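Visitor: I would like a close look at a single part of this model, namely the interior packing, and I would be glad of one connected explanation.

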Amino acid sequence: HAMLLMLAVCRRLVWQHANVSSGRWRGNDAPPRLFELHGRTLGIIGLGTIGKKVARLAAGFGMRVHYYDIARLSEDAEDTLGVRFRLLPEILSTSDIVTLHVPLNDATRNMIGAAELQRMRPSAVLINTCRGPVVDEVALHHALATGRLAGAGLDVFAEEPPPSDHPLFGLGNVVLTPHMAGPTWESQHARIRNAFDNVQRVARGERPLWVIPELRN
C-alpha cells in the first residue's frame, strides 16, 4: 500500500485522471514533472514486518533503501534485505521518498513535525500508511502549500474520518486514501483466517501471532 501511494504521488495519477475525465487532455503537452521510482533513495522509518516488505518491493523497483529503526539489524541481515541503516536526521535529509511504518506511542506522536519537514528535500515526498498522529498535519499542510515539500501520500489521518473542510483536501500535490490503501478483496480471507487463528491460540493459552502494535505490550 505504501508503494501504491508512492507511485500515485510521483506519477500524479489523481491529477492525470481529473484532467482526462474533465476533457482536459494533455497527452501532447510538454510533460509535467512526473518521477520514476527507479534510482531514487527511499527512507523507511520503522523496519518492522511491513517496513521489511516495503524494502523488498522497493528493491524490485531499483530503489536505494535506507532505514531508521530503534532496533538495528545485523550487517548480514541488512545485506540480505538490501538496506542500510541511517540516523533519523540523515534519513530525512537524504531521501527522495520517506515512508512511515511505526506504531503510535509517546515517542512517535508528532514524530514528523515542522523541524523534521524542514530537513527534507523540497523535491521529496512523504508517505504515511501507519498512524495519522505520527505526522503533524498542520506542519505538513504548510510544507506542501508553500512548496517546501513536493508531495505526500496519506492513508491515515489524525482524526478518522477527517473533517470535510480538512485543509489537505484543497491541495493538488497530495494523494489521500481512507485507511484502505492496504486491504483488497483477495486479502479478506487471510485477514479473517488470521483473526480466527488468534482466537484459537488464545483459547489454548498461547500468545496471539497477530497483534495491533500499540497493544503488543
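What percentage of the 217 residues in the protein chain do buried residues make up?

Guide: Buried residues make up 36% of the 217 residues, where buried means under 20% relative accessible area, exposed means over 50% and partly exposed lies in between, with a 1.4 Å probe and protein chains only. The model is predicted, and local features need pLDDT of at least 70 and side-chain atom pairs pLDDT 80 or more, while totals for chains, interfaces and linings use all residues. Residues are numbered from 1 along each chain as its sequence is written, and side-chain values use heavy atoms, with hydrogens and water left out.

The protein chain has 8 helices and 7 strands, which are DSSP runs of H or I with at least four residues and of E with at least two, numbered from the N terminus. Of the contacts with a separation of 6 or more, 61% are accounted for by residues 24 or more positions apart, a contact being heavy atoms within 4.5 Å.

Turning to the interior itself, the largest nonpolar core has 27 residues, and I45, L100, I112, L117, L126, L140 and L149 have the most contacts inside it. Such a core is a set of buried Ala, Val, Leu, Ile, Met, Phe, Trp, Tyr and Cys residues joined through side-chain atoms within 4.5 Å. At least two of its residues come from each of α5 (88–94), β4 (97–100), α7 (137–145) and β6 (151–154), and α7 supplies the largest share, 4 residues. Apart from this core lies another, of 24 residues, including L42, A58, I97 and V125.

L100 offers a useful view of the packing: leaving out residues up to four places away in sequence, L100 touches I45, I112, L126, I127, N128, T129, C130, V134 and V135.

V134 is also touched by T108, which, with neighbours within four places in sequence set aside, is in contact with V102, P103 and P133 as well. T108 lies in the loop between β4 and α6 (114–119), and T108 counts as buried because its relative accessibility is 8%. A polar atom of the T108 side chain lies 2.9 Å from the backbone nitrogen of N105.

Elsewhere in the chain, N198 lies in helix α8 (residues 188–203) and, at 14% relative accessibility, counts as buried. Not counting residues up to four places away in sequence, N198 touches P208, L209 and W210.

Key
A polar contact is a pair of N or O atoms within 3.5 Å; within protein, one must be able to donate a hydrogen and the other to accept it, and residues adjacent in sequence count only if both atoms are side-chain atoms.
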